[in-house]
Structure formats: structure tokens, C-alpha cells
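Visitor: I would like a close look at a single part of this model, namely one of its pockets and what surrounds it. Please take me through it carefully, and then place it in the chain as a whole.

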Amino acid sequence: MAKFLPQIIIFSLLSFAAINLVSAESDGYARTLDRKLFGLKKKEKLTHFQLYWHDIYSGTHPTAAVVVSPPSNSSGTLFGAISMIDDPLTEGPELSSKLIGKAQGFYGSAAQEESGLLMVMNFVFMEGKYNGSTITILGRNKVFSDVREMPVIGGSGLFRFSRGYVQARTHKFDTKTGDATVQYNVYVLHY
């Protein structure tokens, strides 16, 4: 046993140091962690993206589909309707412009008195340094307002621990097909 005493002492000291590094403050079920363990820098960056969201119901390759129809007694707001999306996000307003990523998620008509959607979607980046990273947006979209603001509630990859907001402006809307192109300005704080 005495022969292993130096190793035991070193192991104990290293264990104690590791525990102190991970847990500066503990409450039994929660503890404060050292941000360095997660690769977080001390200072956050503010990044701005401007991109275009193409919601397409028409044609041979729609990117949006109604998965729950509104009840027959629904008001003109289509209250209760839910659509699933896998919408292209492009650099410019034309669908043929450079593909930056996809908006994947769903939205539902959540207002009975006006056209208001509950939006739940991830912006999945497929280009450049943000390839594979996501930004998660969840909020109310009052679709006929000039500018709508929704919160960024998180993300993954380079946007882990992110927060911020988006501003949406309708660029084009086809009342016959329901197809829409919306400009999104995304402001996100991340490490």
C-alpha cells in the first residue's frame, strides 16, 4: 500500500481539482460549470443573416404541406390548420439564387380573430462555415403585418447557446396558390 501512496495522493489531488473545475457552486441537482469546458469564449458575437424563405404549396415539388386541415366551422383565419415545411432558404429573393439552407418545422394558425401563426422551425445551414449548424425559431407570426418579429430560442453547432430574434417581411405572396417568399433578417448572439 505504501508503494502506491504517491499515486493515490496525485490521483486524489487531480480528482479534487477536476471537481472544483466542474463545480464551483452546487445545489444538489444543479451546479455552476466552467464555460471553458464547453469551449465557450468570454465574449459573444452578434451575427446578422439576410436570407429568403420560400414556402411553396404549388407545383410538382411543394416544400409545404397542410397536415391538419382547419375545422369546417373555422373562421376566415383558418384557425386550427397546421402545415409541415422543408422550405429552401436562399441568398436572394429568387428561388434560383444560391441555396443557403432549409427551414424545417411546422406552423399552425393559432388565432381566431386575425391571421396569426405559431411558427416552430429550424434554419438548417448547408453552406459555408455554418454548414450543419441550426438556429431555432419559435414565436408568433402576424402574417399581414409589414414586419413580424419572432425570437431565436437556441441552436446547434456554431449556434449552441444562441439567442436573438428574426424580422420577417413578405416579399411576394400568391393568393391563389398560397406560395410565399419572405425576407428574414436574423440577429443572433452566439459564441
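Guide: Let us take the second largest pocket, whose lining divides into 5 nonpolar, 3 polar and 4 charged residues. The model is a predicted one, and in it this pocket has a volume of about 160 Å³. Its lining is drawn from several stretches of the sequence: Phe38, Gly39, Leu40, Lys41 and Lys45 contribute, as do Lys129 and Tyr130, then Gly157, Leu158 and Arg160, and finally His190 and Tyr191.

Lys41 deserves particular attention among these lining residues, and it is found in the loop between β2, which covers 31-32, and β3, which covers 45-55. Once its neighbours within four places in sequence are left aside, Lys41 is in contact with Arg35 and Tyr191. Tyr191 also lines the second largest pocket, and although Lys41 and Tyr191 are 150 residues apart in sequence, their C-alpha atoms are 6.1 Å apart in space.

The largest pocket offers a useful counterpart, with about 660 Å³ of space in it. It is lined by 28 residues, of which Leu78, Tyr107, Leu117, Val143 and Phe173 are the closest to its centre. The elements that each give two or more residues to that lining are β3, β5 (82-90), β6 (99-109), β7 (116-125), β10 (163-173) and β11 (180-190). By residue class, the lining of the largest pocket divides into 15 nonpolar, 11 polar and 2 charged.

Several of these strands also appear in the largest nonpolar core, which has 27 residues and in which Trp53, Phe123, Ile135 and Tyr184 have the most contacts. Two or more residues of this core come from each of β3, β5, β6, β7, β8 (134-142), β9 (148-156), β10 and β11. For Phe123, the contacts beyond four places in sequence include Trp53, Ile135 and Tyr184, together with Leu51, Leu89, Ile137 and Val186, as well as Lys102 and Ser133. As a general background, nonpolar side chains in soluble globular proteins tend to be buried together.

Seen as a whole, the protein chain has 1 helix and 11 strands, with the helix coming before the strands when the pattern is read along the sequence. Of its 191 residues, 33% are buried, and the chain exposes about 11900 Å², of which carbon and sulfur atoms supply 59%. Among contacts between residues at least 6 apart in sequence, 46% join residues at least 24 apart, and the contact between Lys41 and Tyr191, which are 150 residues apart, brings us back to the pocket where we began.

Notes
Residues are numbered from 1 along each chain as its sequence is written. This is a predicted model: local features need pLDDT of at least 70, side-chain atom pairs count only at pLDDT 80 or more; totals for chains, interfaces and linings use all residues. Side-chain values use heavy atoms; hydrogens and water are left out. Helices (H or I, at least four residues) and strands (E, at least two) are DSSP runs, numbered from the N terminus. Contact means heavy atoms within 4.5 Å. Buried means under 20% relative accessible area, exposed over 50%, partly exposed in between (1.4 Å probe, protein chains only). Accessible areas come from the Shrake-Rupley method with a 1.4 Å probe; for residues, only the protein chains shown count as cover. On a 1 Å grid over the protein atoms alone, a cavity is a set of points where a 1.4 Å probe fits but cannot get out, and a pocket is an open set with protein on both sides within 12 Å along at least five of seven lines; lining residues have an atom within 4 Å of a point. Grid points are joined across faces, edges and corners, and a volume is the space filled by probe spheres set on the points. Ala, Val, Leu, Ile, Met, Phe, Trp, Tyr, Cys and Pro count as nonpolar, Asp, Glu, Lys and Arg as charged, and the others, Gly among them, as polar. A nonpolar core is a set of buried Ala, Val, Leu, Ile, Met, Phe, Trp, Tyr and Cys residues joined through side-chain atoms within 4.5 Å.
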